[in-house]
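Here's a quick tour for anyone meeting this chain for the first time. Have a look at it before reading on.

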Amino acid sequence: MLLEVKGASVAYNKVVAMRQVSMQVPEGGIVTIIGANGAGKTSTLRAISGLVRLFAGEIHFGGRRIDGLPPEKIVAAGIAHVPEGRRVFPQMTVEENLRTGAFLRRDRQEIETDLEKVFARFPRLKERRRQLASTMSGGEQQMLAIGRALMAKPRLLLLDEPSMGLAPVIVEEIARIIKEIAAGGVPVILVEQNAELALSLADYAYVLETGNLALEGRASELHENEHVRRAYLGI
């Protein structure tokens, strides 16, 4: 397994956000985490990327224990995180934003090659490479945030609510991009409020409820699970 989360627990000011959560991510494909607001989905991603500390449990990546490492060390190890709300640098250009994703890299020629790969994947970013990020639409900013993460040359990509606030046609485009990224050899952990979208994209799924792992299984099987259909799919 590429990533193993073992009994991970996180608290904010003594309020427990996730309890004894365990999950695995293989070397390929898409794993999704679904659940209601406050279920612990974002906390799980933040724990993996080192933005919050565990008070119990362990996280292993590529056979190495990473919980307790600072975020920049985790990025250097190969984990890139696209947070909820995109969080691009508004007063920087598209190209400047993308280059910040490679700030830990020293392979200058490969950085230029990867920049062109991002532009090939996201033609709109190439068209707007000199444009300030603040002037772009929400969908374009989401593409920029994903492109910036890819510039880190990750071995694992974490995506937190990539469809939030986007028009349906843009959501379809983002979904296509996520599938392409996974098919290209970069596994994805996808956190999504839109459970229908998440289960349609993912190979395997975890369901969090009030900080606890409630269910797990193949995404296609959970899509047919009566509890999931009633609680998260509105069926």
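What follows covers the overall fold, one pair of helices and two residues with unusual backbone angles.

First, some ground rules: this is a predicted model, where local features need pLDDT of at least 70 and side-chain atom pairs count only at pLDDT 80 or more, while totals for chains, interfaces and linings use all residues. Residues are numbered from 1 along each chain as its sequence is written, and side-chain values use heavy atoms, leaving out hydrogens and water.

**The whole chain**

The chain comes to 10 helices and 10 strands; these are DSSP runs numbered from the N terminus, with helices being H or I of at least four residues and strands being E of at least two. The radius of gyration (taken over C-alpha atoms) is 17 Å, close to the 18 Å from the globule rule (2.2 Å times the number of residues to the power 0.38) for 235 residues, so the chain is as compact as a globular protein of that length. Along its principal axes, the C-alpha trace spans about 45 × 40 × 35 Å.

Buried residues (under 20% relative accessible area, with exposed meaning over 50% and partly exposed in between, using a 1.4 Å probe and protein chains only) make up 51% of the 235. Take the contacts (heavy atoms within 4.5 Å) between residues at least 6 apart in sequence: 66% of them join residues at least 24 apart.

**Two helices side by side**

How do helices H6 and H7 pack, in angle and axis distance? Helix H6 (residues 138-150) and helix H7 (residues 168-183) pack at about 10°, with their axes 10 Å apart. Axes here are lines fitted to C-alpha atoms over the stretch in contact, and angles run from 0 to 180 degrees between N-to-C directions. That angle makes H6 roughly parallel to H7 (the label for angles under 35 degrees).

On the H6 side, Gly139, Gln142, Met143, Ile146 and Leu150 meet Ile170, Glu173, Ile174, Ile177 and Ile181 of H7. By class, that contact has 7 nonpolar, 2 polar and 1 charged residues; Ala, Val, Leu, Ile, Met, Phe, Trp, Tyr, Cys and Pro count as nonpolar, Asp, Glu, Lys and Arg as charged, and the others, Gly among them, as polar.

**Two positive phi angles**

Most residues other than glycine have a negative phi. Here are two that have a positive one.

| Residue | Phi | Place | Relative accessible area |
|---|---|---|---|
| Glutamine 20 | near 50° | strand S2 (residues 15-25) | 57%, exposed |
| Glutamate 161 | near 55° | loop between strand S7 (156-160) and H7 | 6%, buried |

Note on methods
Angles under 35 degrees count as roughly parallel, over 145 as roughly antiparallel, 65 to 115 as roughly perpendicular and the rest as oblique.
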